[in-house]
Amino acid sequence: MIDTLLAGIIHGNTYALVAIGLSLIFGVSNVVNFAQGSVFAAGTMSGWWLIAEQHWPLWAAIAGVCAFTAVLGLAVNLLAVQPLAKVPPIAALLATYAVSVVLDNLSQVVFGPDTRRFPQALDTLNFHVGGFRFGTLDVVMFAVSVGCILLLGGFLKFTKYGQAIRATAQDSDAALQMGVPVGRVRNLSFMLASALGGLAGVLVGMYNSNISPSSGTAAGLTAFTAATLGGLGSLPGAVLGGLALGIVEAFGISYWGAGVDNLIIFGVLLLVLWLRPGGLLGKVPLISAEPLTGTFLGGGRPIRLRWWQALALIGVAAGVVPWVADDYQLTTGTQVLIFAILALSLTLVSGSAAQISLGQAGPMAVGAYTSALLVGEHGWPFLAGLFAAGLAAAVVGTVLMSPTWRLSGHYVSIATLGIGAVTVAAILNLDWLTHGPLGITAIPPPSLFGHQIITPTETYLLDLTVLLVALGLVVRLQKSFLGTVWSAVGADETALGASGLRPADYKALAYAVGAFVAGLAGSLLAHQYSYLDPTMFSPELSMLALTIIVLGGMNSPFGAVLGAVVLVGAPEVLRMAQDARLLTYGVLLLLLIRFRPQGLWARRA
Amino acid sequence: MISSKRRLLIGALTTTSLLVLAACGEGSGTSADGTGPVYFGVSAPVTGQYAEYGKFYKQGFDLALDQINADGGVNGRKVKLKWEDSQSDPKQSVPIAQKFVNDKSIIAELGDFSSPASMAASPVYERNKLVQYGFTNSSPKFTLGGQYMWSPGISQATAEVQQTDELAKFGKKVAVIYQNTDWGKQVFEIFQERAEKLGLTVTYSSAYLPSTTDFRPLLIKARDSKPDLVYDIGYDNDAAAILTQAPKAGVTAKIFTEQLTATGIKLAGESAEGALTTATWFPNSTEPRVKAFTKAFKAKYGHVPGAFEVYAYDALTQLVHAAKKGGATRQGVYQGLKSSADLPSVQYGKFRFQSDRRPADPPTPVAVIVKNGEQVPAEG
């Protein structure tokens, strides 16, 4: 018991160290910094290099790493966050995501992808409690966390710079008017948070002992949960949240085995959001402080296609492309189409109603599995399976999300992140239904009226048809009264509530429609791949869907299609760039977000 | 402001140019005309979270290429590889499959790394009759995907039974932790069945996510169940983490891992001492074929090979052998694999495929233990 508790505290401490930086930046800039995990990983790799390859002593290596990551943090702020201060904050979130892609891949190119051993510069076995042994390293980590709260807390409370940071966090315009150099203050806080991330990288690297350039992303996601649990923006909360999460995880694993690890972590996230969204130490802030809402109408207006233009495009897509393109291009085309449908599922919920969903992989997975099981194992006809897939996804999604609609802004988004992860974790663990990690094999190809759809051309045409149906649905809904209400939800929820309608219900409806469409995409995916397993529905998939509509223009259904062409088609085109492929993709994304945040298919209003 | 008509034009131009670029970038599909190099396609993770495995593959392939081409290649023609980075992502491995299938100069495909990436692409390879050599795809369902899905990996049904038999020599009470993947789960189930037959007691068992870095809570539970052995069903990276963390959790039992090669031993450092596993080959083996291979690998790369480098090396040498036997064409490789009785392998010596497209009668692995950083045969 004690051992498990100790193990949980020590591991939870590693979460806390990364979460502190996240909370600091969030508190000051109102930005969820997705690059924090990558900066942390950069700290681990550079720390390894300094200690193992350059043979620096530990204290010098730490100093070097902190200096390096502070500069990285400054770069992140200057390149990705500061320039996007005037546009909807979702753009800054996606920009930091793009930066994380660039950093992770750069790290892999520079250091090579292998897992390697972080030198054990601090003792790890010199103390013991009962049978459980720990060491200087663990004590140091704990001291750092506590020290952070005390020192940083003191810094923020008592020094001039600290007060400047707090002033900027509270109201940056007022601070500017009072003579606070807001730009410099933001830079300082990014540098501070990133240096902390670097320090965390060195300590956690030593703790894990197996390190590789790709270990940052998972750390970032768990730290995010920890920070939310503690209350985003609160430093003591970040530490408390990290420790609490570690303890809950350790006991959960102890009772149920470690297969449910993700289920525990994201389950905790959801519980926090349902019961106490402000976290343990935070307060639920006013809507005006929400970083992930914003009137996206202000960001740009979608370009409307005339009916004959739309018809022409459909004609080209359906009539010309199958003749001109070869099988490879058509296969790429089917991927583009499936992801266009997935992205389309976000247009109503995240575009019109401005509820940013970070977990569309969840409904897609439900749809894929439903269709695979019903058609593959129970002999349902394909069209029935397709429809059932959408329906199941909509029902499951609605049920899981229903407690969260009374919240708003970033809490909703975090909840969608949790839902996406919990859905996949549940699929992994519900062996009797889904075969768990074994996945489903030999899923039959779609069959319409006795004819099997196997060739790339036929698959392309089938996917195109489903896309057109989904497009028709979304466009029609957007133009209807319902669409107007959704836009009202996105523009000003309070006003909508004041006019007698309940925003929560409409948000739920928008999400349900979105989940239905995502389920359709899932079904198409399952029957094309003929194989499904839970690992295919990762957080990266959800981020891809979101990135597609941001790129295309969040409110625009056609923008979703355009975004899919660019983001799913381009990596195939970029295959020529081989090693630098993902790097190029990240840079491209960053440039697009930076210079055209309203999306491709929108006019600047 | 640009008018919407102009925008439409710009959009159409962009789309067209993207398609054109794709067509150019793809490279011409030259037909296998009997002269010029012989090509094999490789679908593997070069970037992304599995990139280190792609690197291991490359090392194995490159060593094989050196030797094959020095030996005259296939009937005098040089052997070359066409690599495509799939990131082991089915979204990418499927178009890559289509690309390879279109390219008539490619006579067989190697990879992909993970089951989803390979199995999602199987329908494409099967429809177009191109051999898909999934040499690290251990899912039993992989070869069921079609006639053209082949895997030189031993079926777990055989391998795990053999490993359990060896494991039984070292202890009667076993605490087991296993990866929550298709492979890990299947291996665990086979282990359980065999353990029951042999009269072993499973004192504790738990699955874990492959991304787990902290095994302490599990190891504490395992320790508390008082086993003779802690058995890990995972790869080198997991084994190394477990070996490093076990002393911290106060585990005194011996540790037996499903896989442990030079890669894992290097990662675990001194914690690897005394770690047990079974292997059909290990660098210190006295078998001439293993000695020759280890020597060549060390000469080229400066360190001892781990598991995945060997798998890749074996896979390419086998395909080349098949091409030499059946002809340097797609059907030739297929027939060659089907009919060869003496496919070369560092791991098993010579073997042939059985009708389920997995190796027939693979050799029994032996128990090995880590002494002074190297694996030597172990006594139970």
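**Exercise 1. Backbone details in chain B**

In which loop of chain B is the place of B:Ser88? Locate this residue in the predicted model, then describe its backbone and that of B:Asp112.

*Solution.* Start with the position: B:Ser88 sits in the loop that runs between β2 (79–85) and α3 of chain B. Next, take its backbone angle: phi of B:Ser88 is near 55°, which is a positive value in a residue other than glycine. Then turn to B:Asp112, which belongs to the loop between β3 (106–111) and α4 (115–127) of chain B. The peptide bond that leads from B:Gly111 to B:Asp112 is cis, and its omega is near 10°.

**Exercise 2. Confidence**

State how confident the prediction is for the model and for each chain, and identify the stretches that call for caution.

*Solution.* For the model, the scores are ipTM 0.80 and pTM 0.84. Chain A has an average pLDDT of 84, with 94% of its residues scoring at least 70. Within chain A, the pLDDT falls below 50 over residues 286–298, a stretch that nevertheless has 38 contacts in the model beyond near neighbours in sequence. For chain B the mean pLDDT is 88, and 91% of the residues reach 70 or more. Among the elements of chain B, the lowest mean pLDDT, 54, belongs to helix α1 (residues 4–25), and the highest, 96, to strand β4 (residues 132–133). Residues 24–32 of chain B also have a pLDDT below 50, and this stretch has 17 contacts in the model beyond near neighbours in sequence. Where pLDDT is low, the predicted coordinates should not be read in detail.

**Exercise 3. Domains of the two chains**

Describe how each chain is divided into domains and what the domains of each chain share as a contact.

*Solution.* Begin with chain A, which is divided into domain 1 (2–284) and domain 2 (332–536). The centres of these two domains of chain A, taken over C-alpha atoms, are separated by 33 Å. In their contact, 14 residues of domain 1 of chain A meet 14 residues of domain 2 of chain A. On the side of domain 1 of chain A that touches domain 2, α11(A) gives the most, with 8 residues, and that side has 10 nonpolar, 4 polar and no charged residues.

Continue with chain B, where the assignment gives domain 1 (34–151 + 286–363) and domain 2 (157–280 + 365–377). Their C-alpha centres lie 29 Å apart, and 12 residues of domain 1 of chain B are in contact with 10 residues of domain 2 of chain B. The side of domain 1 of chain B that touches domain 2 comprises 7 nonpolar, 5 polar and no charged residues.

Finally, consider the record: an unreviewed UniProt entry annotates residues 37–362 of chain B as "domain: Leucine-binding protein". Over these residues 37–362, chain B is 44% helix and 16% strand, with the end C-alpha atoms 33 Å apart.

**Exercise 4. A helix pair inside chain A**

How do the axes of α1(A) and α9(A) cross, and which residues meet there?

*Solution.* The axes of α1(A) and helix α9 (residues 216–230) of chain A come within 8 Å and cross at roughly 70°. Because of that angle, α1(A) is roughly perpendicular to α9(A). From α1(A), the residues are A:Tyr15, A:Ala16, A:Val18, A:Ala19, A:Leu22 and A:Ser23, and in α9(A) they meet, among others, A:Ala219, A:Gly220, A:Ala223 and A:Phe224. By class, this contact has 10 nonpolar, 4 polar and no charged residues.

**Exercise 5. The contact between the chains**

Describe the contact of chain A with chain B, beginning with its residue counts and ending with one helix pair.

*Solution.* The contact takes 66 residues from chain A and 63 residues from chain B. Elements of chain A that give two or more residues to its side include α1 (2–29), α4 (90–111), α10 (235–256) and α13. The most is given by α13(A), with 6 residues, and the side of chain A that touches chain B has 25 nonpolar, 29 polar and 12 charged residues.

Now follow α13(A) across to chain B: the axes of helix α13 (residues 327–352) of chain A and helix α3 (residues 90–102) of chain B come within 8 Å and cross at roughly 170°, so α13(A) is roughly antiparallel to α3(B). Residues that make this contact include A:Asp327, A:Tyr328 and A:Gln335 of α13(A), and B:Lys91, B:Val94 and B:Asn102 of α3(B). The residues of this helix contact divide into 3 nonpolar, 5 polar and 3 charged.

Technical notes
Residues are numbered from 1 along each chain as its sequence is written. Chains are lettered from A and ligands numbered from 1 in the order in which they are written. This is a predicted model: local features need pLDDT of at least 70, side-chain atom pairs count only at pLDDT 80 or more; totals for chains, interfaces and linings use all residues. UniProt positions are given in the numbering used here, feature names are shortened, and annotations may be inferred rather than shown by experiment. Helices (H or I, at least four residues) and strands (E, at least two) are DSSP runs, numbered from the N terminus. Axes are lines fitted to C-alpha atoms, for helices over the stretch in contact, and angles run from 0 to 180 degrees between N-to-C directions. Angles under 35 degrees count as roughly parallel, over 145 as roughly antiparallel, 65 to 115 as roughly perpendicular and the rest as oblique. Two residues are in contact if their C-beta atoms, placed from the backbone, lie within 7 Å. Ala, Val, Leu, Ile, Met, Phe, Trp, Tyr, Cys and Pro count as nonpolar, Asp, Glu, Lys and Arg as charged, and the others, Gly among them, as polar. pLDDT is the predictor's confidence in each residue, from 0 to 100. Domain bounds come from an automatic or database domain assignment.
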